[in-house]
Amino acid sequence: MWRIRSFLSHRLGWDQYLKPFMEKPLPANLSWTVTFGSLLVLLFIVQAATGIVLAMYYNPSPDHAYQAIAFITGEVSWGRILRGIHHYGASTMVVLVFTHMLVSFFNGAYKPPRELTWVTGVCLFLLTLGFGFTGYLLPWDQKAYWATVVGTNIPRQFPIIGKWITRILLAGDTVSGLTLTRFYAIHTLLLPALASMCIGIHIYLVRIHGISEPVSSSPMPAKPCMESEYRFFPEHLARASIVFTIVFSVVLLLAVFVDIPIEDVAGTLDPDYQPRPEWYFMWLFQLLTFFSGKLEIVGSLLIPIGGIFLLISLPFISRSTYRNPADRPVEIAAGVAVLAGILYLGITGVANSRPYGETVSIADRSLTESETAGLTIFVEKECAYCHQILGRGGRRQGPDLSNMVAKDRTGDELVRFIKDPQAVSAWSIMPKYDLDEKELEALADFILSLDFSRYDVKTVSREDVLNGTIK
Ligand code: HEC
C-alpha cells in the first residue's frame, strides 16, 4: 500500500507540485462569495457530463433535431432530467459568472497584479454567452430559429467584413441545416476546448497572484497572510462543495419539476407563437429596439462591442490600487449605472415579449386580391415579429409599416427592399425572404393599402387571415 503510494507520489510529483497546489494556504477571512470560482468549475463539469450524454442521442439536422429532443425528453431514461440539468445549469452558469464578475468588480479584484486574471475572466464570460447562443438553436424550434436569425444578423452591420461574419456564422445567407451543424460543432467542440484552456489559465493566474484578499481601505498589502489554516484543500473545497450542493439541488429541482418550454418545430405556423431570446440576452435585444435605421448600428454593435472592450480594458484604464469601493466612487458609480441599465432593459424586454401577431390592423375597405395575398404573406412570414402596424400587433424591431405611405415609398422601392434588405440598407437586420416577384408585389400592395389618412382601421385576427375568412 505504502509502496503504491510512494510510487504514485513520486511519479506524479505529489510533494513537489500537487501538494503545494492542493494545500495552498488562503487568507482565512475570505467571504463565501470567493467560492464562486470553484463552484463554476464544478458546474462546468456538470454541463460537460450532461452535454456528452445529450450528444449521444442528438442529431444536428433540421429533419431530426426536433424529434431527437422529443426523444431525449420522452423516451431516454433520465433523459428529461439530464436535459433539464443541462438547460437550467446553463442559465445558472450565466447568473453565477455574471455575479462572479460583479463581485470581482466591486471588490476591485481586477487591480494589479490581477489584470490578466480579470481579462481571462471576461473571456470566460463571453464564452459562456457563446455556449448559450449556440445551444439555443439546437432544439430547432421556432424561438431557436428566430433568435438565431436576429442574433446572426447583428454582425452584418459591421462595415465591410460584417457580411462575411454573418455568412460564416450561418454557413450561408439564411439559417439552414448547415447553420445547425455549424452551431453544433461550435457548441460541442470549439467552445469546450476554448473554455477549458481559458479556465486552466484563469486558475493558474489565480494561483500565482492569489485570491484577492478581503478589502481594506488601505492600498493592498504586499503579501497575503500565509499562516492561516485555511487551505485550498480540504477547507476551501469543502466550503465550495457545500455551495455547489445547494446550487445543484436547485438546478435538479428545476429539472425535475419545471418542464423546459419547447415550441413548434422551426417554420410552423402557430397563432399563439411567442418568440423570445433566452432571458439573459433579452436586454441586448431590447437595446436594439431603441435604435432604428442608420442608428441601428449603435445599439447592435457600438454599444455591445464598446462594452466588451471596456470590460477587457478595465484594469488598464483604472490603475489606482485602491480596492475599497469607498475609495473609487467613479468606478463604482459607473458600474452601478451599467448594472441598472442592463436590469432595466432586461425587465422591459421581458414585459415586451407578450404575444404578438394575433391580430393585424388593416384598412377598413375591401382589399384587392393582391392586397389580400400580401396580408396573408405578412401573417405567414411573421413580419409582425419585428413590425407593428399603427403601433399595434407586433414588436418594435423595425419601422411601423403604416408609415410607408407617409414616407412616400413606391411599390417598387418596397419590393426591392423586402427582396434583399441588405442590398438597400447594408446595416439592416431584417432577414431576406425567399419570395417570388408576385408575392413581393402583393406584400408591397398590402403595405401601401395601410393608408390610414384615407381609411379607418379594422382589426382582423390572424386565424381569419390564414383561413381566408376576412371580408
Ligand atoms: C427580424 C426582424 C424583421 C422581420 C422579421 C421583418 N423585418 Fe422588415 N425591417 C426590419 C428592420 C430592422 C427594418 C429597418 C430597416 C433598416 O435598417 O433600414 C425593416 C424595414 C422594413 C421595411 C421598410 C423599408 C423602408 O423603406 O423604410 C419594410 C417595407 C419591411 N421591413 C417589410 C417587412 C416585411 C413585409 C416583412 C415580412 C415578410 C418584414 N419586414 C420582416 C426588421 C424586420
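These questions and answers go through a predicted model, from its ligand shell to its helix contacts and its backbone.

Student: Which residues come nearest to the ligand?
Tutor: The ligand has 25 residues around it. By class, this shell holds 16 nonpolar, five polar and four charged residues. Those that come nearest are Cys 383, Cys 386, His 387, Arg 409 and Met 430.

Student: How many residues does α15 give to the shell around the ligand?
Tutor: The elements that give two or more residues to this shell are α7 (142-153), α15 and α17. Of the elements, α15 gives the most, and its number is three.

Student: Which residue has a polar side-chain atom 2.3 Å from an oxygen atom of the ligand?
Tutor: Two polar side-chain contacts can be looked at here. His 387 has a polar side-chain atom 2.7 Å from a ligand atom, but that ligand atom is a nitrogen. The residue whose polar side-chain atom lies 2.3 Å from a ligand oxygen is Arg 409.

Student: Which residues is Gly 398 in contact with, leaving aside its neighbours within four places in sequence?
Tutor: Gly 398 sits in the loop between α14 (369-380) and α15. In space, its C-alpha is 8.7 Å from that of Ile 429, and the two residues are 31 apart in sequence. Two of the residues listed as nearest to the ligand are Cys 386 and His 387. With neighbours within four places left out, Gly 398 is in contact with Cys 386 and His 387.

Student: How are α15 and α17 placed relative to each other?
Tutor: Helix α15 covers residues 411-419 and helix α17 covers residues 437-448. Their axes are 9 Å apart, and the packing angle is about 120°. The crossing is right-handed. Angles of 65 to 115 degrees count as roughly perpendicular and those over 145 as roughly antiparallel, and α15 and α17 are therefore oblique.

Student: How many charged residues are in the contact of α15 with α17?
Tutor: From α15, the contact takes Gly 411, Leu 414, Val 415, Ile 418 and Lys 419. From α17 it takes Glu 437, Leu 440, Glu 441, Leu 443, Ala 444, Ile 447 and Leu 448. Eight of these residues are nonpolar and one is polar, while the number of charged residues is three.

Student: Which residues of α6 meet α7?
Tutor: The axes of α6 and α7 cross at roughly 130° and come within 7 Å, and the two helices are therefore oblique to each other. On the α7 side are Lys 143, Ala 144, Tyr 145, Ala 147, Thr 148, Gly 151 and Thr 152. The contact divides into six nonpolar, three polar and one charged residue. The residues of α6 that take part are Phe 133, Tyr 136 and Leu 137.

Student: What is omega for the cis peptide bond that joins Phe 233 and Pro 234?
Tutor: Most peptide bonds are trans. A cis bond joins Pro 112 and Pro 113, with omega of about 5°, and Pro 113 is in the loop between α5 (79-106) and α6 (115-137). Pro 234, by contrast, is found in helix α10 (residues 232-257). For the cis bond that joins Phe 233 and Pro 234, omega is about 0°.

Student: What is the phi of Trp 78?
Tutor: Most residues other than glycine have a negative phi. Trp 78 lies in the loop between α4 (65-74) and α5. Although Trp 78 is not a glycine, its phi is positive, at about 65°.

Terms used: Residues numbered from 1 in each chain as written. Predicted model: local features only at pLDDT ≥ 70, side-chain atom pairs only at ≥ 80, totals over all residues. Heavy atoms only, no water. Axes fitted to C-alpha atoms, helices over the stretch in contact; angles between N-to-C directions. Helix = DSSP H or I, 4+ residues; strand = E, 2+ residues; numbered from the N terminus. Parallel < 35°, antiparallel > 145°, perpendicular 65-115°, else oblique. Left-handed = near helix turned anticlockwise from the far one by under 90°. Contact = heavy atoms within 4.5 Å. Nonpolar A, V, L, I, M, F, W, Y, C, P; charged D, E, K, R; others polar. Near = heavy atom within 4 Å. Polar contact = N/O pair within 3.5 Å; in protein donor to acceptor, adjacent residues only side chain to side chain.
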